[in-house]
Amino acid sequence: MAEKLRDLSQPIDVALLDATVAAFYGTGSKEERSAADQILRDLQNNPDMWLQVVHILQNSQNLNTKFFALQVLESVIKYRWNALPVEQRDGIKNYISDVIVQLSSNEATFRQERLYVNKLNIILVQVLKHEWPARWSSFIPDLVAAAKSSETICENCMAILKLLSEEIFDFSRGEMTQQKIKELKSSLNSEFRLIHELCLYVLSATQRPELIRATLATLHAFLSWIPVGFIFESPLLETLLKFFPVAAYRNLTLQCLTEVAALQFGDFYNMQYVKMYTIFMMQLQAILPPETIPDAYANGSSEEQAFIQNLALFFTAFFKNHIRVLEITPENRAALLLGLEYLIGISYVDDTEVFKVCLDYWNVFVLELFEAHNQMEPAAAVSMMGLQAQMVPGVVDGTGTAVQQRRQLYSGSLSKLRMLMICRMAKPEEVLIVEDENGNIVRETMKDNDVLVQYKIMRETLIYLSHLDHEDTEQQMLKKLSKQLNGEDWSWNNLNTLCWAIGSISGSMVEEQENRFLVMVIRDLLNLCEITKGKDNKAVIASNIMYVVGQYPRFLRAHWKFLKTVVNKLFEFMHEMHPGVQDMACDTFLKIVQKCKRKFVTQQVGENEPFVSELLSNLATTIADLEPHQIHTFYESVGHMIQAESDNAKRDEYLKRLMSLPNQKWAEIIGQASQSIDILKNQDVIRSVLNILQTNTSVASSLGPHFFPQISLIFLDMLTVYRMYSELVSSTIAEGGPFASRTSFVKLLRSVKRETLKLIETFVDKAEDLPHLGKQFVPPMMDPVLGDYARNVPDARESEVLSLFATIINKYKGEMLEDVPRIFEAVFQCTLEMITKNFEDYPEHRLKFFSLLRAIGTHCFQALIQLSSQQLKLVIDSINWAFRHTERNIAETGLSLLLEILKNFQASGFHNQFYKTYFLTIEQEIFAVLTDTFHKPGFKLHVLVLQHLFCVVDGLTEPLWDATSVPYQYTDNAMFVRDYTIKLLGTSFPNMTSTEVTKFVDGLLSSKHDLPSFKNHIRDFLVQSKEFMAQDNKDLYAEEAAAQRERERQRMLAIPGLIAPSELQDEMVDS
């Protein structure tokens, strides 16, 4: 049966094909399905299959079979159209058009075959992308003529036009070359008159709801780009506004009006916009009064909900582009404020998508008002902030008055907007305590990224609102807080959003006002905590107190009494067993200490000793109820405090006191081990060792080089334990086979090994200012760590060894040169054997191995030159292996390393022999990953490597080709590389003509010194080579997006409060 289907020399047996397709979609056995799948794949891949398509479509009654046939046809049209003879192309074109007309001319078949017709429409548009306008210039006139012949044909023509507009304007980037897109756009523009007349004619003449809806949908697709005369100098807008009050067309009309509202052409059509807005507002009030919006949404049908969503889109689009026009006359101003009232009402709707639309606009609206206010002269700005009631004479000029008038106009709306932001504030990242769906207060398990993005925008908007009127912001917050206290407005959600809002505006007030405000807020919150009963309630209040105080380091630094109260309150919360409270207390403690560390090591007025000393005396009781991971955070915090002490003797004494608990335990374990080594195999002991090491790592990370006395104390014992555990792991795996590596015992032992490496790496990393300190730890590690790595079985090798040595080389750079051969010998060959069997095993080792290689390539390049040619070949092969990974980090590390090595070799005396050996291999490998579809994220680096290769060619003095195997002698390397590249690409892309390939290669060579055009050239080639069709191509434009992000950060730094004080990387002056 299968053979009969696969033989395409005679017409295919349609009944048999139907049966195969049915088996594939059917409920038969797994074997039947996979056999059918195999046959269909073979047919799809057969280059002659498309010749059977018409025969199948005419004879099959099964919709899935027809779809299968159309899929085959679509891929021919997409990828092989230009290679087909003219008569075959015309045949396809006419056949598709005829079937569409035939099916859509009769109401019954049109409704019945709707899915099939839709698919045929898509195929027709694919054909158009190749044929129109050059080879099918009469397409639009033919279509319009056909549309006038029957209402159902007209409805389908609308669908085709809509598809065409979407294909060219919405989905074309990365699908067609820039030139082709331009050509199609101008054709559509020039022929739009006919389409426009058709739409208006239909809307005025027909009574059929389906046809009206189809026409409105098509208009919606065209409105964003058609020449404006068609909108404003024709009855189009009036027609749309006529349909708006009719419930059946309301949503589609509103979408069309939104497209019009989003257009901008200077002031020419201002009056039409005002007229459109005024009529619209009158009709809208009859449909939906503003005060009922949140309820209308909550109780509405899906159509009504969509209407409110579309309203949000309409208002935001209109105000973004035309709000100034409405500010001019009093009646327009009234309509404008009513519109803002509607939008604030819509912002209270309980739906995330609707809220996002509104929020984006509020952010833009408030930012614009804030910037105008910010650009005025400082004195005028100060007076407007309400800090000086009387006007400063002679400062406010004309622009000042205009700015003030706008603020006056919007002051009521802005005040309501502050309320909205406070009531709906999103949860910030630091808050770990949430309400679950059963109404219980629990610890958050997953971060919700959408909420974090929303918080960021809301926070920014509230900061601008706060700058525009600090008094109003403060009053609204304090009033809401007093309602929490007297119970009139008390609920978890109300308190949360209010406190998140208070925390979010940190840094936006002047210090004096901030101090006054916070004293009241913190006092009220502490009172609330005292008077409220119930575990859950207390947990919510605790979480809010911690969030607010963590956001205001400037205030805490200025008020020692408050700081001390807050820290003691945190210590109290560390004994609170409610889920999440302890975690948040430890996190907030760390955050506060990082910003106020000097306050804790200086003796404050009225105290007998510095706070850190008092803390160390009560250390054991403070941490008694904490889990190990919380204790580590606590130790890290105290490490920060100690680091702020400038007196060496005191600092060492504090460190000794801090580490006395873990050191006591460590000494006890080592002492017992010297009696009997077996004690170290006890699982509880192993856990203690792990915990002690983790505590050390936490302190090392915050104390930096001053951790030296502590690490010296335990270093040699730690290496002994490391070696012993390592041998234990190896012997267990050797005896128990691969399964043994997954037992909890081996996992525990390996955790200790990893933590040891992490501790050393953390110390080396932080002690960079004192290389002599860290360097002395390297020789003792050579055998226990490196030798051990080489000796172990693959499953027992720790990838952290690789990252530790990468860190050491990155820190001590050239000083490590003589150690590189030793490192190379220990890890290179044996790690490569682990990772080159496939792309999946040992993912950790992969990334860290290439990071180590990169460190050597960057800082100890001399060591690479001294390798034997076999070893160097291994290095280059392993780099090629790296960038073939689809795992993004590994591929990027490989490419960056390749670039560095290429640049270093170019500058060394060995560039001729290096490039002679590797130039062609590298070029071929890079083109391979550039043109397959799995490595798009590496695009920027692929381009840089190619650019480097093409530029380096001119500087090479020896030929790159092998004279014995190349019969033709080239005059120079550039000629040879050009020929080689043309051949390489010509064989890889048989679907491209040799002229296209040659043109591309010449373009590359001519633009090699100009990166942006070199890059665009490659982007166009990727589209032409048809490899990157119908996929997401945003990775090809990633670099441009990154530059935009950096500009945004610089803007934010300029406005007080926009980057939260707790996030600023400042050296806190808290003397």
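## Exercises on pockets, helices and rings

Let's start with the second largest pocket, where α25 supplies the biggest share of the lining, five residues. Keep in mind that the model is predicted.

**Exercise 1.** Work out what surrounds the second largest pocket: which elements each supply at least two residues of its lining, and how do the lining residues divide into nonpolar, polar and charged?

*Solution.*
- Begin with the space itself: the volume of the second largest pocket comes to about 540 Å³.
- Next, go to the wall, which is built from 20 residues; M425, A426, K427, N493 and W500 are the ones nearest the centre.
- Now assign the wall to elements: at least two lining residues each come from α20 (352-375), β1 (433-435), α23 (449-468) and α25 (492-504).
- Finally, sort the lining by character, and you get nine nonpolar, six charged and five polar residues.

**Exercise 2.** Now try the enclosed spaces: what is the volume of the largest cavity, and which helix gives the largest share of its lining?

*Solution.*
- Count first: there are seven cavities of 30 Å³ or more in the structure.
- Pick the largest cavity, which has a volume of about 80 Å³.
- List some of its lining, including F883, R888, E892, F934 and H942.
- Match the lining to helices: α46 (residues 888-907) contributes the largest share, four residues.
- Sort by character: five lining residues are nonpolar, five are polar and two are charged.

**Exercise 3.** Take helix α49 and find its span from first C-alpha to last, then say which helices its buried residues pack against.

*Solution.*
- α49 runs over residues 973-988, which makes 16 residues.
- Its end-to-end C-alpha reach is 22 Å, close to the 22 Å expected at 1.5 Å a residue.
- Pick out the buried positions of α49: N973, F976, V977, Y980, T981, I982, L984 and L985.
- Look at what those buried residues pack against, and you find α47 (911-931), α48 (939-952), α50 (994-1006) and α51 (1011-1024).

**Exercise 4.** Compare two aromatic pairs, W362 with F365 and F950 with F1014: how far apart are the ring centres, and at what angle do the planes sit?

*Solution.*
- The model's tally is 54 aromatic pairs.
- For W362 and F365, the ring centres are 6.0 Å apart and the planes stand at 65°, so this pair is edge-to-face.
- Both residues sit in helix α20, three residues apart, so about one helical turn separates W362 and F365.
- W362 counts as buried because its relative accessibility is 1%, and F365 does too, at 2%.
- For F950 and F1014, the centres are 6.4 Å apart with planes at 75°, so that pair is edge-to-face as well.
- This second pair joins distant parts of the chain, since F950 belongs to helix α48 and F1014 to helix α51, 64 residues apart.
- Burial again: F950 has a relative accessible area of 1% and is buried, while F1014 is buried at 0% relative accessibility.

**Exercise 5.** Place L70: is L70 buried or exposed, and which residues does L70 touch once those up to four places away in sequence are left out?

*Solution.*
- Locate it: L70 is part of helix α5 (residues 63-80).
- Check the accessible area: at a relative value of 0%, L70 is buried.
- Leave out residues up to four places away in sequence, and L70 touches L57, Y116, K119, L120 and I123.
- For a sense of scale, go from L70 to Q408: the two are 338 residues apart in sequence and 63 Å apart in space, C-alpha to C-alpha.

How values were computed: Residues are numbered from 1 along each chain as its sequence is written. This is a predicted model: local features need pLDDT of at least 70, side-chain atom pairs count only at pLDDT 80 or more; totals for chains, interfaces and linings use all residues. Side-chain values use heavy atoms; hydrogens and water are left out. On a 1 Å grid over the protein atoms alone, a cavity is a set of points where a 1.4 Å probe fits but cannot get out, and a pocket is an open set with protein on both sides within 12 Å along at least five of seven lines; lining residues have an atom within 4 Å of a point. Grid points are joined across faces, edges and corners, and a volume is the space filled by probe spheres set on the points. Ala, Val, Leu, Ile, Met, Phe, Trp, Tyr, Cys and Pro count as nonpolar, Asp, Glu, Lys and Arg as charged, and the others, Gly among them, as polar. The expected span of a helix is 1.5 Å times one less than its number of residues. Buried means under 20% relative accessible area, exposed over 50%, partly exposed in between (1.4 Å probe, protein chains only). Contact means heavy atoms within 4.5 Å. Rings of Phe, Tyr and Trp (its six-membered ring) pair if their centres lie within 6.5 Å; planes under 30 degrees apart count as stacked, over 60 as edge-to-face and the rest as tilted.
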